[in-house]
Amino acid sequence: MPYYQTWEEFARAAERLYLTEPMKVRVVLKYRHCDGNLCIKVTDDAVCLQYKTDQAQDVKKIEKLHGKLMRLMVSKETHSGAMETD
């Protein structure tokens, strides 16, 4: 399970993974205070995407993606094209 090096690449892959199989995808955020690392993992048990950062400015990016995914998960409308408009 390698980590993505760039945020843009990870965000696109995570959105694509969610839109292909929305009922199987899980999102996990983990913060380790001793290391100062924040890790986000998006998985559907077949594919696992991970991104790790220790930069404070990346927290807002992770929070924005996490919010998008959570809004999609609770919405009743179809998921096709919803990520492209945001």
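In what order do the elements of the protein run from the N terminus on? They run α-β-β-β-α-α, so to speak a short string of letters to keep in mind while looking around this predicted model.## Overall picture

The protein has three helices and three strands. Of its 86 residues, 34% are buried. Taking contacts between residues at least 6 apart in sequence, 49% join residues at least 24 apart. On the outside, the protein exposes about 5900 Å², and carbon and sulfur atoms supply 52% of that area.

## The nonpolar core

A good place to start is the interior. The largest nonpolar core has 18 residues. Within this core, the residues with the most contacts are Trp7, Phe10, Ile40, Val42 and Leu65. Helix 1, strand 2, strand 3 and helix 2 (57-74) each supply at least two of the core's residues. Helix 1 gives the largest share, seven residues.

Two residues, one in a helix and one in a strand, help to fill in the view. Alanine 14 lies in helix 1, which covers residues 7-20. Setting aside neighbours within four places in sequence, alanine 14 is in contact with Val42, Leu49 and Leu65. Leucine 65 is 51 residues away from alanine 14 in sequence, yet their C-alpha atoms are 8.9 Å apart in space. Seen from its own side, leucine 65 touches Trp7, Phe10, Ala11, Ala14, Glu15 and Ile40, again not counting residues up to four places away in sequence.

Isoleucine 40 lies in strand 2. Beyond its neighbours within four places in sequence, isoleucine 40 has contacts that include Trp7, Phe10, Ile62 and Leu65. Val27, Val28 and Leu29 are also among the contacts of isoleucine 40, as are Leu49, Gln50 and Tyr51. Isoleucine 40 and lysine 52 are twelve residues apart in sequence, and 6.6 Å separates their C-alpha atoms.

## Buried or exposed?

The table sets three residues side by side.

| Residue | Relative accessible area | State |
|---|---|---|
| Alanine 14 | 0% | buried |
| Isoleucine 40 | 0% | buried |
| Aspartate 45 | 63% | exposed |

Why does aspartate 45 count as exposed? Aspartate 45 counts as exposed because its relative accessibility is 63%, and the cut-off for exposed is over 50%. Alanine 14, by contrast, is buried because its relative accessible area is 0%, and buried means under 20%.

Aspartate 45 is found in the loop between strand 2 and strand 3. Its backbone is worth a look too: aspartate 45 has a positive phi of about 75°, although it is not a glycine.

## The largest pocket

Rolling a probe the size of a water molecule over the atoms shows where empty space is left. In this model, the largest pocket holds about 170 Å³ of space. Which strands each supply at least two residues of its lining? They are strand 1 (26-32), strand 2 (37-43) and strand 3 (48-53).

The lining consists of Tyr3, Val28, Lys30, Arg32, Asp35, Asn37, Cys39, Lys41, Gln50 and Lys52. By type, these residues divide into three nonpolar, two polar and five charged. Some names here have come up before: Val28 and Gln50 line the pocket and are also among the contacts of isoleucine 40. Lysine 52 is another of the lining residues, and its C-alpha lies 6.6 Å from that of isoleucine 40.

Terms used:
Residues are numbered from 1 along each chain as its sequence is written. This is a predicted model: local features need pLDDT of at least 70, side-chain atom pairs count only at pLDDT 80 or more; totals for chains, interfaces and linings use all residues. Side-chain values use heavy atoms; hydrogens and water are left out. Helices (H or I, at least four residues) and strands (E, at least two) are DSSP runs, numbered from the N terminus. Buried means under 20% relative accessible area, exposed over 50%, partly exposed in between (1.4 Å probe, protein chains only). Contact means heavy atoms within 4.5 Å. Accessible areas come from the Shrake-Rupley method with a 1.4 Å probe; for residues, only the protein chains shown count as cover. On a 1 Å grid over the protein atoms alone, a cavity is a set of points where a 1.4 Å probe fits but cannot get out, and a pocket is an open set with protein on both sides within 12 Å along at least five of seven lines; lining residues have an atom within 4 Å of a point. Grid points are joined across faces, edges and corners, and a volume is the space filled by probe spheres set on the points. Ala, Val, Leu, Ile, Met, Phe, Trp, Tyr, Cys and Pro count as nonpolar, Asp, Glu, Lys and Arg as charged, and the others, Gly among them, as polar. A nonpolar core is a set of buried Ala, Val, Leu, Ile, Met, Phe, Trp, Tyr and Cys residues joined through side-chain atoms within 4.5 Å.
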